[in-house]
Protein chains: 2
Amino acid sequence: MDPRLDRDVSNCSIARTLEVVGEKWTILILREVWYGSSRFSDFERVLGCPRNLLATRLRMLVEEGILATETYKEPGSRSRPKYVITPKGMDLVPAVMGLLQWGDRYRADPEGPAVLARHRACGAHVDVQVRCERGHSVQAEDIESVPGPAFRMKPAE
Amino acid sequence: MDPRLDRDVSNCSIARTLEVVGEKWTILILREVWYGSSRFSDFERVLGCPRNLLATRLRMLVEEGILATETYKEPGSRSRPKYVITPKGMDLVPAVMGLLQWGDRYRADPEGPAVLARHRACGAHVDVQVRCERGHSVQAEDIESVPGPAFRMKPAE
DNA sequence: TATCTGAGTTTACTTTTCCATACTCAGCCA
DNA sequence: TGGCTGAGTATGGAAAAGTAAACTCAGATA
């Protein structure tokens, strides 16, 4: 990964993920889904996000298969849509927990974080860790990035 | 975490992290730092990012303590600044690896990812995992989010 | 002394995104 | 029939991002 190399960066998995969840509000919408929100009005109230953006982001998340719509019916009201997370959306949890963890460490209030993540089965605190296939815990500086099967050079100009 | 509760969301660690790294280009700049870039011209060439935004983002990352400037000197040239990652920046690795992993799974080219992460010591593939303090591997659906010490309700209007 | 280079800054313009607010629409209910 | 409610859509102005090019600045080189 020599920086002087003209790597083609168009198939980077980080950039491609950010195309889906890199817009303002998108990750915060997912946060609210994990915390239990499912209705348009829930998201609007707790996030304070403009309604048109909220509608656009929700539609995009559904198109991408990260959320799915179901219907709910309050007694005395007609059926309305709600948003639930899919397995594909669940797979974003490690990334978002990584953001949460960094914020807890460097930007939390003096008294601590606003939300704690616990293992439902044992109640212990949960965090994200980098590990290798052999089970070793890996420090960030011990990660080596090497070209993969889809590695490409920039086409000549 | 009842969605009907009017949680005060202003001290969320996810939102606070996104204030720092949630802008376009910022995470991609960090990606390039991990891959070995350190100079203004490296970032500009590989990212294709506008120079004025690149300067703004680099300045912000240095102010936040995620990058630091050092000087380098090529023989026959004067000393110039370069950007290196700090321990605070290294702590963003789990979050960014989470994004990488999701992109590898759902948005990679058919032949696979463009970059592979290996454990320098043993060469095995590296990934991010959610685990609890007791060492259990935790599935996303087994995470329970509970109010922490800085949990607050929205001030009454 | 003049020129070149890398690392920016500045400026000017276009495009996109964001935000706030108003409006619509469908069904329930009085 | 008319009002109410949740879930949107429409719109117009403000802010941010993108593009392109010129300008600066310090030291190295010719």
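1. Salt bridges overall. Over all chains of this structure, the count comes to 26 salt bridges. The structure is a predicted model, and the points below should be read as a description of that model. One of the salt bridges links the side chains of Glu19(A) and Arg107(B), with 3.6 Å from N to O. Glu19(A) belongs to helix 1 of chain A, whereas Arg107(B) sits in the loop between helix 6 (93–106) and strand 3 (115–119) of chain B, so this pair joins two chains.

2. Extent of the interface between the protein chains. On the side of chain A, 91 residues are in contact with chain B, and they meet 91 residues of chain B. About 8,800 Å² of area is buried between the two chains, and carbon and sulfur atoms give 57% of that area. Within chain A, the residues that lose the most area to chain B are Ile14(A), Trp102(A) and Arg107(A); together they make up 9% of what that side buries.

3. Polar and charged links across the interface. Between chain A and chain B there are 15 salt bridges, and the pair of Arg107(B) with Glu19(A), described in the first point, is a salt bridge with its closest N and O atoms 3.6 Å apart. In addition, 45 residue pairs are in polar contact across the interface of chain A and chain B, both residues of each pair being at pLDDT 80 or more.

4. Elements that build the chain A side. Several elements of chain A each supply at least two residues of the side that touches chain B: helix 1 (13–21), helix 2 (26–35), helix 3, helix 5 (87–90) and helix 6 (93–106), along with strand 3 (115–119), strand 4 (126–132) and strand 5 (143–147). Helix 6 of chain A gives the most to this side, with 13 residues. By class, the residues on the side of chain A that touches chain B comprise 47 nonpolar, 15 polar and 29 charged.

5. Strand pairing between chains. Strand 3 of chain A pairs with strand 5 (residues 143–147) of chain B; the sense is antiparallel and the pairing runs over five bridges. Arg118(A) stands opposite Glu144(B), a residue in strand 5 of chain B.

6. Surroundings of DNA strand C. Which residues come closest to DNA strand C? Of the 22 residues that surround this strand, the closest are Asn52(A) and Arg57(A) from one chain, and Arg51(B), Tyr72(B) and Arg78(B) from the other. Among the atoms of DNA strand C that come within 4 Å of the protein, sugar and phosphate account for 65%. The surface near DNA strand C is made up of eight nonpolar, five polar and nine charged residues.

7. Phosphate contacts of DNA strand C. Tyr72(B) places a polar side-chain atom 2.5 Å from a phosphate oxygen of DNA strand C. For Tyr83(B), an N or O atom in the side chain is 2.8 Å from a phosphate oxygen of this strand. Trp25(A) likewise has a polar side-chain atom 2.8 Å from a phosphate oxygen of DNA strand C. The elements giving two or more residues to the surface near this strand are helix 4 (51–63) of chain A and, in chain B, helix 3 (40–47), helix 4 (51–63) and strand 2 (79–85).

8. Surroundings of DNA strand D. Around DNA strand D there are 23 residues, of which Arg51(A), Arg78(A), Tyr83(A), Leu53(B) and Gly76(B) come nearest. Sugar and phosphate make up 68% of the atoms of DNA strand D that come within 4 Å of the protein. By class, the surface near this strand has eight nonpolar, five polar and ten charged residues.

9. Contacts and elements at DNA strand D. A polar side-chain atom of Arg80(A) lies 3.1 Å from a sugar or linking oxygen of DNA strand D. Chain B reaches phosphate oxygens of this strand through Arg57(B), with a polar side-chain atom at 3.3 Å, and through Lys24(B), with a side-chain N or O atom at 3.4 Å. Two or more residues of the surface near DNA strand D come from each of helix 3 (40–47), helix 4 and strand 2 (79–85) of chain A, and from helix 4 of chain B. Helix 4 of chain A gives the most, with four residues.

10. Backbone at Trp25. Most residues other than glycine have a negative phi. Trp25(A) has a positive phi, near 80 degrees, and is placed in the loop between helix 1 and helix 2 of chain A. Trp25(B) also has a positive phi, near 85 degrees, and is found in the loop between helix 1 (13–21) and helix 2 (26–34) of chain B.

How values were computed
Residues are numbered from 1 along each chain as its sequence is written. Chains are lettered from A and ligands numbered from 1 in the order in which they are written. This is a predicted model: local features need pLDDT of at least 70, side-chain atom pairs count only at pLDDT 80 or more; totals for chains, interfaces and linings use all residues. Side-chain values use heavy atoms; hydrogens and water are left out. A residue is near a molecule or strand if one of its heavy atoms lies within 4 Å of it. A polar contact is a pair of N or O atoms within 3.5 Å; within protein, one must be able to donate a hydrogen and the other to accept it, and residues adjacent in sequence count only if both atoms are side-chain atoms. Ala, Val, Leu, Ile, Met, Phe, Trp, Tyr, Cys and Pro count as nonpolar, Asp, Glu, Lys and Arg as charged, and the others, Gly among them, as polar. Contact means heavy atoms within 4.5 Å. Buried area is the accessible area (1.4 Å probe) that two parts lose on being put together, summed over both. A salt bridge is a side-chain nitrogen of Lys or Arg within 4 Å of a carboxyl oxygen of Asp or Glu. Two strands pair if DSSP finds at least two bridges between them.
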